[in-house]
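Let's take a walk through a protein together. Have a look at the sequence and the model first, and then we'll go through what can be read from them.

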Amino acid sequence: MQYFPPALESLVEQFARLPGVGTKSAQRLAFHVLSLPEEDAARFAQAILDAKRAIHCCPVCQNLTQGDGPCSICASSRRDAGVVCVVADPKDVIAMERSREYDGLYHVLHGVISPMNHVGPDDLHIKSLLERVSKGAIREVIMATNPDTEGEATAMYLSRLLKPFGVKVTRLAYGIPVGSHLEFADDATLMRALEGRREM
């Protein structure tokens, strides 16, 4: 039995396709869009279309950018071009930039190796990373994929590919998060924290 008119059902279905949006949330979003004045709804729809047309991958680092040529990070003369931080997704670049501690460049893979999800090395932006490193200007590659099984596998795979280039390959340290308690840390986290310890 159909509870909503077909156009509303279709709108709910489209919102439900977004990551993290369930049926109830999709219905709330659809009803909110319907309650907007027509000009606001048109602006919302136009913003989606404009972003879809204007946003593309940077030809250097594969991060999202707008306009021709490299993104603002790759184009900046203040960044250390000898260090490249490899991340899985564009949102990881935002997380790294929030720290204000990193001043090198990035390379966005747009995913991680995941056989269960049918994502292999050829589905990621690995070839362009190897091309960047082969030019010889990069002295360090930092693996900043998530410390889960797929992120670790991707980092290990890339480190093996990069070894012949003689570039230093490092991994982000991880362990006990600030503000947490040792009693709640699992064995793997404690092991990583001990391995990554440094002199004070």
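**A walk through the chain**

V87 stands opposite V108 in strand β4. That makes a handy place to begin, keeping in mind that what you're looking at is a predicted model. The facing residues belong to a pair of strands: β3 and β4 run alongside each other in the parallel sense, joined over 5 bridges. If you want to find them, β3 covers residues 80–87, and β4 covers residues 104–108.

So is β3 out in the open or tucked away? Of its 8 residues, 6 are buried, so the rest of the structure largely encloses this strand. As a bit of background, side chains in a regular strand alternate between the two faces of the sheet.

Now follow the chain onward from β4. Between β4 and α6, which spans 127–134, there is a loop, and H110 is found in it. H110 has a phi of about 65°, a positive value, even though this residue isn't a glycine. Why is that worth pointing out? Most residues other than glycine have a negative phi. As for its surroundings, H110 has a relative accessibility of 28% and therefore counts as partly exposed.

The loop between β4 and α6 also holds H118. Here again phi is positive, at about 60° for H118, and again the residue is not a glycine. How accessible is H118? Its relative accessibility is 72%, and anything over 50% is called exposed, so H118 counts as exposed.

Time to step back and take in the whole thing. The protein chain has 8 helices and 6 strands. Starting at the N terminus, you meet them in the order α-α-α-β-β-α-β-α-β-α-β-α-β-α. The radius of gyration is 21 Å, well over the 16 Å that the globule rule gives for 200 residues, so the chain is more spread out than a compact globule. Measured out along the principal axes, the C-alpha atoms fill a box of roughly 60 × 50 × 35 Å.

What about the inside and the outside? Buried residues account for 30% of the 200 in the protein chain. If you take the contacts between residues at least 6 apart in sequence, 47% of them join residues at least 24 apart. On the outside, the chain exposes about 13,900 Å², with carbon and sulfur atoms supplying 56% of that area.

Last stop, the charges. The chain carries 22 positive and 25 negative side chains, and the centres of these two sets lie 4 Å apart.

Notes: Residues numbered from 1 in each chain as written. Predicted model: local features only at pLDDT ≥ 70, side-chain atom pairs only at ≥ 80, totals over all residues. Heavy atoms only, no water. Helix = DSSP H or I, 4+ residues; strand = E, 2+ residues; numbered from the N terminus. Rg over C-alpha atoms; globule rule 2.2 N^0.38 Å. Buried < 20%, exposed > 50% of the residue type's maximum accessible area, 1.4 Å probe, protein only. Contact = heavy atoms within 4.5 Å. Areas by Shrake-Rupley, 256 points an atom, 1.4 Å probe, with all protein chains shown as cover. Lys, Arg positive; Asp, Glu negative; His and termini not counted. Charge placed at Lys NZ, Arg CZ, Asp CG, Glu CD. Pairing = 2+ DSSP bridges.
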